[in-house]
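Here is a short walk through one chain, written for someone meeting it for the first time. Have the picture open while you read.

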Amino acid sequence: MLPMPGVCWLCHLPLRLPLHGICSVCLRQLPALPILCPRCALPSQHPYLPCGRCLRRSPPWQTLICVSDYVPPLSQLIQRMKFSGATALRVMLARLLLLSWLEARRTRAVPHPDLLLCVPLHKKRLWQRGYNQSALLARPLAHWLTCEFQPHGLRRYRHGVPQHRLSAPERRRNMQAAFRLETAVQGRHIALIDDVVTTGSTVAEITRTLLAQGAASVQIWCLCRTL
């Protein structure tokens with residue numbers, strides 16, 4: 001059951017600012033993140049220096065920004081948006097992602113993106129679901145940041161097994177040569193939007209594709225990062 005307009009998605013109490021979707025009390029009570037590596041966004045000892053994992057073998061993207069670990073309540077809200085058709089959640093969830101990016105820009109001076117792209121679904125899965133949840137997040141973000149969004153800038157042309165059913169090595173193999181770039185990215189700062197990043201195999205494969213075509217930098221923005 002969806003809450004009425006102007007009601008917090010979590011506590012269902014009236015909102016003073018209905019478009020926010022979440023009240024200030026629930027916002028403050030979201031699970032706090034530990035100190036994260038600014039590059040891979042996994043637990044680290046320093047918020048501004050690469051962790052030991054990244055010093056040994058850094059991911060291809062420049063920074064990863066997330067709102068939460070994959071835990072309630074965000075994990076439950078993502079499930080509702082993704083599998084139960086609760087697309088009205090998109091504005092509230094996109095706003096949480098915007099707040100996390102603004103904090104990263106304030107503390108780490110991450111560049112303002114020129115272009116937003118979303119992790120694509122294969123056309124069969126897109127037809128089954130009816131929408132791409134990452135594109136739902138990207139549209140309001142592009143509006144707020146006044147930057148370009150190309151909803152079909154990336155295409156997935158190999159329909160593999162869903163990533164959440166696979167082990168980490170299987171995820172990497174499943175993503176190899178799965179994506180094709182459909183827009184110009186040379187010299188541009190790209191923000192790649194996803195709902196959940198687990199091992200990072202999907203966004204790593206896409207990032208390598210973007211950098212190979214001349215992208216200046218790639219940021220990963222996700223609601224949840226499995227820690």
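What follows goes from the overall layout to the sheet, then the helices and cores, and ends with a couple of individual residues.

**The overall layout**

Keep in mind that this is a predicted model. The chain has 227 residues, and 51% of them count as buried. Its secondary structure comes to eight helices and seven strands. If you look at contacts between residues with a separation of 6 or more, 69% of them involve residues 24 or more positions apart.

**The sheet**

Five of the strands form an open sheet, in the order S1-S7-S6-S2-S3, and the pairing is parallel. Why do S1 and S3 each have one side without a neighbour in the sheet? They stand at the edges with a single partner strand each, so nothing in the sheet sits on the other side. In general, strands of a sheet pair through backbone hydrogen bonds, either parallel or antiparallel.

The table goes through the paired strands, with one pair of facing residues for each.

| Strand pair | Bridges | Facing residues |
|---|---|---|
| S1 and S7 | five bridges | Leu64 and Ile220 |
| S6 and S7 | eight bridges | Asp194 and Cys222 |
| S2 and S6 | four bridges | Leu117 and Leu192 |
| S2 and S3 | two bridges | Leu115 and Glu148 |

Another facing pair links S2 to S6: Cys118 stands opposite Ile193.

S7 is worth a pause. Nine of its nine residues are buried, so this strand is largely enclosed by the rest of the structure. S7 also takes part in a right-handed β-α-β unit, made of S6, helix H8 (residues 201-212) and S7 itself.

Now to S2. Which way do its residues point? Leu115 and Leu117 point one way, while Leu116 and Cys118 point the other way, and all of these are buried. That fits a general rule: in a regular strand the side chains alternate between the two faces of the sheet.

**Helices against the sheet**

H4 lies across S1, S6 and S7, and runs at about 130° to S1.

H3 has a buried set made up of Leu74, Ser75, Leu77, Ile78, Met81 and Lys82. Because these residues cover an arc of only 160° around the axis, they end up on the same side of H3. The general background is that an α-helix has 3.6 residues a turn, so residues three or four places apart point the same way. And what do the buried residues of H3 pack against? Their partners are S1, H4, helix H5 (123-129), H6, S6 and S7. Just after H3 you'll find Gly85, which takes a positive phi of about 75°.

**The nonpolar cores**

The largest nonpolar core has 40 residues. Leu89, Met92, Leu93, Leu116, Leu141, Ile193 and Trp221 are the ones with the most contacts inside it. Several elements give two or more residues to this core: strand S1 (63-68), helix H3 (74-83), helix H4 (90-108), strand S2 (115-118), H6, strand S6 (189-197) and strand S7 (217-225). Which of them gives the most? That would be H4, with eight residues.

There is also a second, separate core of 24 residues, and Ala41, Val185, Leu192 and Ile220 are among its members.

To get a feel for the largest core, try Trp221. Leaving out neighbours within four places in sequence, Trp221 is in contact with Ile65, Leu97, Trp101, Pro113, Leu116, Leu141, Leu145, Ala191, Leu192, Ile193 and Asp194.

**Two residues to look up**

Start with Ser134, found in helix H6 (residues 133-145). Is Ser134 buried or exposed? Its relative accessible area is 1%, and since buried means under 20%, Ser134 counts as buried. Beyond its neighbours within four places in sequence, Ser134 is in contact with Cys118, Val119, Ile193, Asp194 and Asp195.

Then go to Gly6, in the segment before helix H1 (24-28). Not counting residues up to four places away in sequence, Gly6 touches Leu13, Pro14, Leu15 and Pro18. Its C-alpha atom is separated by 9.2 Å from that of Ile22, and the two residues are 16 residues apart along the chain.

Notes:
Residues are numbered from 1 along each chain as its sequence is written. This is a predicted model: local features need pLDDT of at least 70, side-chain atom pairs count only at pLDDT 80 or more; totals for chains, interfaces and linings use all residues. Side-chain values use heavy atoms; hydrogens and water are left out. Buried means under 20% relative accessible area, exposed over 50%, partly exposed in between (1.4 Å probe, protein chains only). Contact means heavy atoms within 4.5 Å. A nonpolar core is a set of buried Ala, Val, Leu, Ile, Met, Phe, Trp, Tyr and Cys residues joined through side-chain atoms within 4.5 Å. The arc is that of the directions from the helix axis to the C-beta atoms. Two strands pair if DSSP finds at least two bridges between them. Axes are lines fitted to C-alpha atoms, for helices over the stretch in contact, and angles run from 0 to 180 degrees between N-to-C directions. A crossover is right-handed if, with the strands pointing away from the viewer, the path from the first strand over the helix to the second runs clockwise.
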